[in-house]
Amino acid sequence: NPAYEDNILLQTDYVASFGKDGNFETGFKGTIRKITNEYLVEEQTNGSTWIVLPAFDNNMEFTERVYAVYAMLGNKVKKFSYQFGLRGELTDMQTGLTKTNEINNRSYFNLFPSGSFSYELSDINTLQLSYSYRINRPSFRNLTPFADFTDPRVYFVGNPNLNPEFSHSIEAGNLTDWGKGSFLVNAYYRHKKGVVERIRILDTLSGITNIIPINLSIQNDIGLELAFYLTANEWWKLNTSFNFFRAHAEGSYNGDPLESKTLSWTNRTV
């Protein structure tokens, strides 16, 4: 199962300042990624003879081209700072199985606005508010319509008709920065649409379970993030973060409603 990957990145940016604290930035970014995955499964018979399994003999090719242009405008007026941005992205993808000539093309264009605001309460305290709209594209493995043989009873099969996930994110918090340390309290809300989930389908005749990714649900996350940084001296620095959130996902499959609710927390300290 050897894989080969080639990447090309083209990027240019332009930055201009105006007034005392004003800043304007625009640019272009193009990424081209090509992945070739040769796949072959053989079975040993009679102790020495290897026989190719025809259902698992193919070459997968994945090509993704993403072209983006963006513009950002920011300024500071007394204690108030703001920044607005807009990014347009054209995505062109192709997945295929070369030996069986199964080719699937996907192309879509999206606009992604963003904005952030901050207000200095004092020399060390700053209120922050931000919004962003983002995209999470499906991976090449989730898009390739080919069974991955890792277990004779369970096959993972990609879905070439997967759509990307989109999310709206709103964050509000307070940053306290006193030079040698900082403390951030941040609350957030994220709404995700077209969340990719893996479903299991059992073939009652063969007893084989197929695992397939689909755009199954929407998900809402509400959370609180705490981050603390301290430089005690030249050799001792502390950086810790704590994230507590609630995730609520809803969807349906074949007319059956699906729902999950999760409370979780994470901590990272270095």
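## Pairing criterion and overall fold

Two strands are taken to pair if DSSP finds at least two bridges between them. In this predicted model, Tyr 82 has Phe 117 in β5 as its bridge partner.

The secondary structure of the protein consists of one helix and 13 strands. Along the sequence, these elements follow the order β-β-β-β-β-β-α-β-β-β-β-β-β-β.

## Dimensions, surface and charge

The radius of gyration of the protein is 24 Å, whereas a compact globule of 270 residues would have a value near 18 Å. Along the principal axes, the C-alpha atoms fill a box of roughly 80 × 50 × 40 Å. Among contacts between residues at least 6 apart in sequence, 56% connect residues at least 24 apart.

Of the 270 residues in the protein, 31% are buried. The exposed area of the protein is about 16800 Å², and carbon and sulfur atoms supply 55% of this area. The protein carries 25 positive and 29 negative charges, and the mean positions of the two sets lie 7 Å apart.

## Strands β1 to β3

Strand β1 (residues 3–18) pairs with strand β2 (residues 22–45) in the antiparallel sense, over 16 bridges. Within this pairing, Asp 6 stands opposite Lys 34 in β2. The hairpin of β1 and β2 has three residues between the strands, and Gly 19 takes a positive phi near 65° there.

Strand β2 also runs antiparallel to β3, to which 22 bridges join it. Gln 44 stands opposite Trp 50 in β3. The hairpin of β2 and β3 likewise has three residues between the strands, and Asn 46 in this hairpin takes a positive phi near 55°.

## Strands β3 to β5

Strand β3 (residues 49–77) and strand β4 (residues 80–97) run antiparallel and are joined by 18 bridges. Glu 61 stands opposite Gly 96 in β4. Two residues lie between β3 and β4 in their hairpin, and Lys 78 in the turn has a positive phi of about 55°.

Strand β4 pairs in turn with strand β5 (residues 102–120), again in the antiparallel sense and over 18 bridges. The pair formed by Tyr 82 and Phe 117 in β5 is one of the bridge partnerships here. The hairpin of β4 and β5 has four residues between the strands, with Asn 101 in the turn at a positive phi of about 55°.

## Environment of Thr 63

Thr 63 lies in strand β3. Thr 63 counts as buried because its relative accessibility is 11%, and the cut-off for buried is under 20%. With residues up to four places away in sequence left out, Thr 63 touches Arg 33, Lys 34, Asp 92, Met 93 and Gln 94. One of these contacts, Lys 34, is the residue in β2 that stands opposite Asp 6.

## Environment of Phe 228

Phe 228 is placed in strand β11 (residues 209–231). Its relative accessibility is 27%, so Phe 228 counts as partly exposed; that class lies between the limits of 20% and 50%.

Not counting residues up to four places away in sequence, Phe 228 touches Trp 178, Ser 182, Phe 183, Leu 238, Asn 239 and Thr 240. Phe 228 and Asn 105 are 123 residues apart along the chain, and their C-alpha atoms are separated by 46 Å.

Methods: Residues are numbered from 1 along each chain as its sequence is written. This is a predicted model: local features need pLDDT of at least 70, side-chain atom pairs count only at pLDDT 80 or more; totals for chains, interfaces and linings use all residues. Side-chain values use heavy atoms; hydrogens and water are left out. The radius of gyration is taken over C-alpha atoms; the globule rule is 2.2 Å times the number of residues to the power 0.38. Buried means under 20% relative accessible area, exposed over 50%, partly exposed in between (1.4 Å probe, protein chains only). Contact means heavy atoms within 4.5 Å. Accessible areas come from the Shrake-Rupley method with a 1.4 Å probe; for residues, only the protein chains shown count as cover. Lys and Arg count as positive and Asp and Glu as negative; His and the chain ends are not counted. The place of a charge is taken as NZ of Lys, CZ of Arg, CG of Asp or CD of Glu.
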